[in-house]
Amino acid sequence: MQIKLPYIHFMNYSRQGLWFSTVLTIAAVLLIIVRGFNFGLEFTGGATIEMQYAQAADIGHVRSVVEKIVPDAGVVQYGSSRDVQIRFAEQEGANIDQTMSEMVSALQADAPDAKLTGQSKVGGQYKEELVSKGLLAIGLACIGMIIYLGLRFEWKFALGAVLAQLHDVIITAGVFSLMGWTFDLNVLAALLAILGYSVNDTVVVYDRIRENFRKLPAVTPKDVIDTSINQTLARTMVTSFTTLLSVIALALFGGTILAGFSIAMIIGIVFGTYSSIFVASAIVYRMGVKHEDLMPRAQKPIDDLP
């Protein structure tokens, strides 16, 4: 079944779209600088304890036992209904090994059949290393995209795509800062996934723009870009919608551990779809892309003379 959508002159709103995105991006950057992130255990340091009960665990009761020792500890069910994971941040002035031992003793005193199946701790000294490596990964991804898109299309397209990807990542991170949601390695992985998803959507639109610039030499650049976006709009909407359904299912049924990843992906998909039109394509249009920029370069004739 073919989806028919009304023809929209998107580039008539390119200036408003770019201003809106600029304001959102600046606001997100300010939020990150002023409020920072509610970092997870991987960044702040802390411990994880895994327990297994003989019967299905009562999460509410387990949480009440745990909170007597560490009030802000997180308790989640994972795997089977008998498995429980407790996570808590490193407490100032407390020995983390002693806290872990006290917690296990309290849980086993409350439920003698509970078995310790795993425990681990992360030192807070890894925070700077994780942050720097995460930023390095995003930076290398952007450099790779600039090189690839610059070779495949033209430098204006490469710049538009990279700014669009950074726009999606920064706004997603800004929402986490605003809401105070936990920023852990799962969220960092989601930001990198957003880069890949968003650039894929942008390349589809760019490919059609390049094709139409070559097929429609008499049409103005604005109309070529509008036509290209409208031709790929149904595909973009269907892809985004089906991906959103999968991520929403993950958010609803994936448990607390995957909640951050799912929420970050939902935000990224929404803004990624928006940015492929009102950021990536709008930047190319505002930078004055012309038919000549995308026409195949004529090859020099080969001289057969010795």
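Biologist: Why is Asp 113 called partly exposed?

Modeller: This is a predicted model, and in it Asp 113 has a relative accessible area of 40%. Buried means under 20% and exposed means over 50%, with partly exposed in between, so 40% makes Asp 113 partly exposed.

Biologist: Where is Asp 113, and what does Asp 113 touch?

Modeller: Asp 113 sits in the loop between helix H4 (96-110) and strand E5 (115-122). Leaving aside residues up to four places away in sequence, Asp 113 touches Gln 52, Tyr 53 and Ala 54. Gln 52 is 61 residues apart from Asp 113 along the chain, with 8.5 Å between their C-alpha atoms.

Biologist: On to the rings. What makes Phe 157 and Tyr 206 an edge-to-face pair?

Modeller: Their ring centres are 4.7 Å apart and their planes are at 85°. Rings pair if their centres lie within 6.5 Å, and planes over 60 degrees apart count as edge-to-face, so this pair fits on both counts. The pair links distant parts of the chain, with Phe 157 in helix H6 and Tyr 206 in helix H7. Both residues are buried.

Biologist: And Phe 37, why is that one called partly exposed?

Modeller: Phe 37 has 22% relative accessibility. Buried would need a value under 20%, so Phe 37 counts as partly exposed.

Biologist: What about the stretch 187-206, how much of it is helix?

Modeller: Residues 187-206 are 100% helix and 0% strand, with the end C-alpha atoms 28 Å apart. An unreviewed UniProt entry lists 187-206 among its transmembrane regions.

Note on methods:
Residues are numbered from 1 along each chain as its sequence is written. This is a predicted model: local features need pLDDT of at least 70, side-chain atom pairs count only at pLDDT 80 or more; totals for chains, interfaces and linings use all residues. Side-chain values use heavy atoms; hydrogens and water are left out. UniProt positions are given in the numbering used here, feature names are shortened, and annotations may be inferred rather than shown by experiment. Helices (H or I, at least four residues) and strands (E, at least two) are DSSP runs, numbered from the N terminus. Buried means under 20% relative accessible area, exposed over 50%, partly exposed in between (1.4 Å probe, protein chains only). Contact means heavy atoms within 4.5 Å. Rings of Phe, Tyr and Trp (its six-membered ring) pair if their centres lie within 6.5 Å; planes under 30 degrees apart count as stacked, over 60 as edge-to-face and the rest as tilted.
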